[in-house]
Structures are given as C-alpha cells and as structure tokens.
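The following exercises concern the packing of side chains in one protein chain. Each task is followed by a solution that proceeds step by step.

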Amino acid sequence: MKTKLVILTATCEEDKQWFSQYLNEITRINMSFVIHFDRCSDETKSLFRRHPLCVGSSEMNDPNHTYGEMDKQMAFDVIPKDYDWMMPLDIDETMEKRFNEKVETLDTMDLKFDIIDCPWWNLWDSPKHIRIDGPCQTGHRVKFYNLHRAPLLWKFYHPTINGMTLFEDDKMQKRRSEFILNKLDISTLHWGLMTKELRESHKARWDRIYSSHVGKNPYGFWDWMLDEKITPVIREHDYL
C-alpha cells in the first residue's frame with residue numbers, strides 16, 4: 001500500500017480490558033498509530049509507546065480534568081506530516097478481516113474527498129452477531145480523514161462530538177459547512193456494547209463525561225439500547 005494511513009486513538013485506565021485486543025489488532029492490520037492518554041499510568045503509557053507501530057502520543061495528567069472529545073486534538077497534532085489519511089479507531093473497536101485488502105482502495109482514491117464514511121456495527125451478545133434494528137440498522141462512521149487539506153485545519157471542536165471538522169483558521173471562527181464525502185465498504189466492529197454489563201457501564205461512563213460538559217448526555221442511543229421492552233434484532237456476520 002503506497003498511501004500512508006495513521007490511526008488515532010484515545011484511552012484511559014477504564015479501558016484496560018481492551019488493551020491487548022487493541023494492540024493485537026494494530027499488529028494484525030500493520031498500521032501506524034498515535035494515541036492520547038487520559039490520566040493513564042506510566043505502565044499503560046509504556047505498553048503502547050513501546051509498540052513498534054506507535055509514531056506519537058499525547059497525554060493529560062491533571063487529576064481534576066474531565067475528558068472530552070476535544071482532547072483527541074492533542075494526539076492529532078502530533079501525527080507526523082508525511083501521512084495521507086487518518087483513521088479514528090476506538091480502543092474497543094476492530095476492523096473487519098478483509099481490512100488490509102480493502103483499504104488499498106485509498107491508493108486510487110481521488111484526494112478531492114475530505115472524508116470517507118464506512119459501515120460500523122455493534123457486536124451483540126456474542127462476537128458472531130451484530131445488532132441491525134433501530135439506530136443500529138444503518139450504522140456508519142466517518143473512518144478516514146484526508147490530511148492534505150492545508151490551509152484548512154482539522155479540529156475536534158466540541159466535547160460531545162466524536163468527529164472532526166474543517167476550519168479556516170486556528171481560532172475556529174469559520175468552519176466548512178459541507179464535506180466532500182466518499183463511501184467505502186470497510187466495516188468496523190464495536191465490541192463495547194456486546195454484553196448487558198458492557199452496555200450499562202458504557203452508558204454510565206458517557207453519561208458522566210458528557211453531563212460534566214453540557215449538563216446531560218445529548219444522545220438517546222444509550223437509553224434505547226438498554227430498553228428491555230425492545231427485542232433486539234441480530235444477525236450473524238462474517239467480518240471476523
């Protein structure tokens with residue numbers, strides 16, 4: 001693959017159960033990564049930094065700081081300048097088994113595209129099943145950001161918004177209202193909601209984080225996924 005792709009991830013000690021899976025996935029897909037440490041131990045920082053594919057990291061060590069999505073900007077800003085695309089990958093996500101084959105499409109991708117949107121699935125009850133009803137039936141995420149956009153600047157601009165936006169200046173006073181978007185059939189698998197226990201802890205965590213910034217969790221997805229009156233619709237998949 002000629003195109004240079006770098007992964008961006010943020011993590012904290014609450015994510016410890018996913019560390020091994022994440023690093024194994026990085027090794028499997030053989031992609032460079034940068035990582036943001038939110039009040040992590042020296043042991044955790046060392047675990048990731050000594051991986052041969054780690055090309056940069058940032059950290060927040062203030063014990064009184066509450067993580068927000070904007071914190072990922074610190075990791076984005078240390079991405080080496082020779083990369084072409086950035087792919088966000090949460091610590092509890094993996095890519096489909098054909099990722100390395102499919103991602104070579106970037107070699108022929110027209111650089112006029114700002115972002116690339118891809119399918120994103122929640123594993124449900126077992127690694128063999130994904131949920132496909134309600135908000136899950138059309139699951140997708142922006143998974144690739146074009147790094148050749150100077151003088152425009154990519155910014156994580158809001159504490160509760162997962163994705164990035166293009167701005168005309170560093171003061172973030174004027175932003176791009178529309179993106180030039182492409183789509184690729186490269187699936188991401190999200191493991192963090194696979195069991196009821198994981199779903200409950202996931203909701204509690206993001207309720208806490210988002211409420212600290214804007215007074216409440218602005219997204220109704222977590223209430224829906226924990227509603228026991230709704231019978232989940234799931235199907236087997238072959239992404240793993």
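Contact means heavy atoms within 4.5 Å. The structure is a predicted model.

**Exercise 1. The nonpolar core**

Task: Determine which residues touch the most other members of the largest nonpolar core, and which elements give two or more residues to this core.

Solution.
Step 1. The largest nonpolar core holds 39 residues, and those that touch the most other members are Ile7, Tyr22, Phe33, Phe48, Phe99 and Phe144.
Step 2. Two or more residues of this core come from each of β1 (5-11), α1 (19-29), β2 (32-38), β4 (85-88) and β6 (115-124).
Step 3. With five residues, α1 gives the most to this core.
Step 4. Phenylalanine 144 can then be examined by its contacts, neighbours within four places in sequence being left aside: Leu5, Trp85, Met86, Met87, Phe99, Val103, Leu106, Asp114, Ile115, Ile116, Cys118 and Ile186.
Step 5. Apart from the largest core lies another, of 14 residues, including Val6, Phe76, Ile79 and Tyr83.
Step 6. As a general background, nonpolar side chains in soluble globular proteins tend to be buried together.

**Exercise 2. Aromatic pairs around tryptophan 154**

Task: Classify the ring pairs that tryptophan 154 forms with tyrosine 145 and with phenylalanine 179.

Solution.
Step 1. The model contains 14 aromatic pairs.
Step 2. For tyrosine 145 and tryptophan 154, the ring centres are 5.0 Å apart and the planes stand at 85°; the pair is therefore edge-to-face, since planes over 60 degrees apart fall in that class.
Step 3. Tyrosine 145 and tryptophan 154 are both buried.
Step 4. For tryptophan 154 and phenylalanine 179, the centres are 5.8 Å apart and the planes stand at 25°, so this pair is stacked; the cut-off for stacking is under 30 degrees.
Step 5. This stacked pair links distant parts of the chain, 25 residues apart: tryptophan 154 belongs to strand β9 (residues 153-155), whereas phenylalanine 179 lies in the loop between β10 (165-167) and β11 (181-183).
Step 6. Tryptophan 154 has a relative accessibility of 5% and counts as buried, while phenylalanine 179, at 31%, is partly exposed.

**Exercise 3. Charges over rings**

Task: State which ring lies under lysine 4 and which lies under the charged end of arginine 141.

Solution.
Step 1. Lysine 4 lies over the face of tyrosine 83, at 4.5 Å from the ring centre.
Step 2. The charged end of arginine 141 sits over the ring of tryptophan 120, 3.9 Å from its centre.

**Exercise 4. The two faces of helix α2**

Task: Identify the buried residues of helix α2 and the exposed residues on the face turned away from them.

Solution.
Step 1. In helix α2 (residues 42-49), the buried residues are Thr44, Lys45 and Phe48.
Step 2. These residues lie on the same side of α2, because they cover an arc of only 100° around the axis.
Step 3. An α-helix has 3.6 residues a turn, so residues three or four places apart point the same way.
Step 4. Asp42 and Glu43 are exposed residues on the face of α2 turned away from its buried side.
Step 5. The cover over the buried residues of α2 includes α1, β2 and β3 (54-60).

**Exercise 5. Buried polar side chains**

Task: Which side chains form polar contacts with those of threonine 94, asparagine 217 and threonine 160?

Solution.
Step 1. Threonine 94, in strand β5 (residues 93-95), counts as buried at 5% relative accessibility. Its side chain makes a polar contact of 2.9 Å with that of tryptophan 191.
Step 2. Asparagine 217 is placed in the loop between α5 (196-214) and α6 (221-225) and counts as buried at 13% relative accessibility. A polar contact of 2.9 Å joins its side chain to that of aspartate 207. The side chain of asparagine 217 also reaches the backbone nitrogen of tyrosine 219, at 3.0 Å.
Step 3. Threonine 160 lies in the loop between β9 and β10 and is buried, with a relative accessible area of 5%. The side chains of threonine 160 and histidine 158 are joined by a polar contact of 3.0 Å.
Step 4. Tyr219 and Tyr210 are among the contacts of threonine 160 when neighbours within four places in sequence are left aside. Both tyrosines belong to one aromatic cluster with Tyr67, Trp206, Phe221, Trp222 and Trp224.

Methods:
Residues are numbered from 1 along each chain as its sequence is written. This is a predicted model: local features need pLDDT of at least 70, side-chain atom pairs count only at pLDDT 80 or more; totals for chains, interfaces and linings use all residues. Side-chain values use heavy atoms; hydrogens and water are left out. A nonpolar core is a set of buried Ala, Val, Leu, Ile, Met, Phe, Trp, Tyr and Cys residues joined through side-chain atoms within 4.5 Å. Buried means under 20% relative accessible area, exposed over 50%, partly exposed in between (1.4 Å probe, protein chains only). Helices (H or I, at least four residues) and strands (E, at least two) are DSSP runs, numbered from the N terminus. Rings of Phe, Tyr and Trp (its six-membered ring) pair if their centres lie within 6.5 Å; planes under 30 degrees apart count as stacked, over 60 as edge-to-face and the rest as tilted. A charge sits over a ring if NZ of Lys or CZ of Arg is within 6 Å of the ring centre and within 35 degrees of the ring normal. The arc is that of the directions from the helix axis to the C-beta atoms. A polar contact is a pair of N or O atoms within 3.5 Å; within protein, one must be able to donate a hydrogen and the other to accept it, and residues adjacent in sequence count only if both atoms are side-chain atoms.
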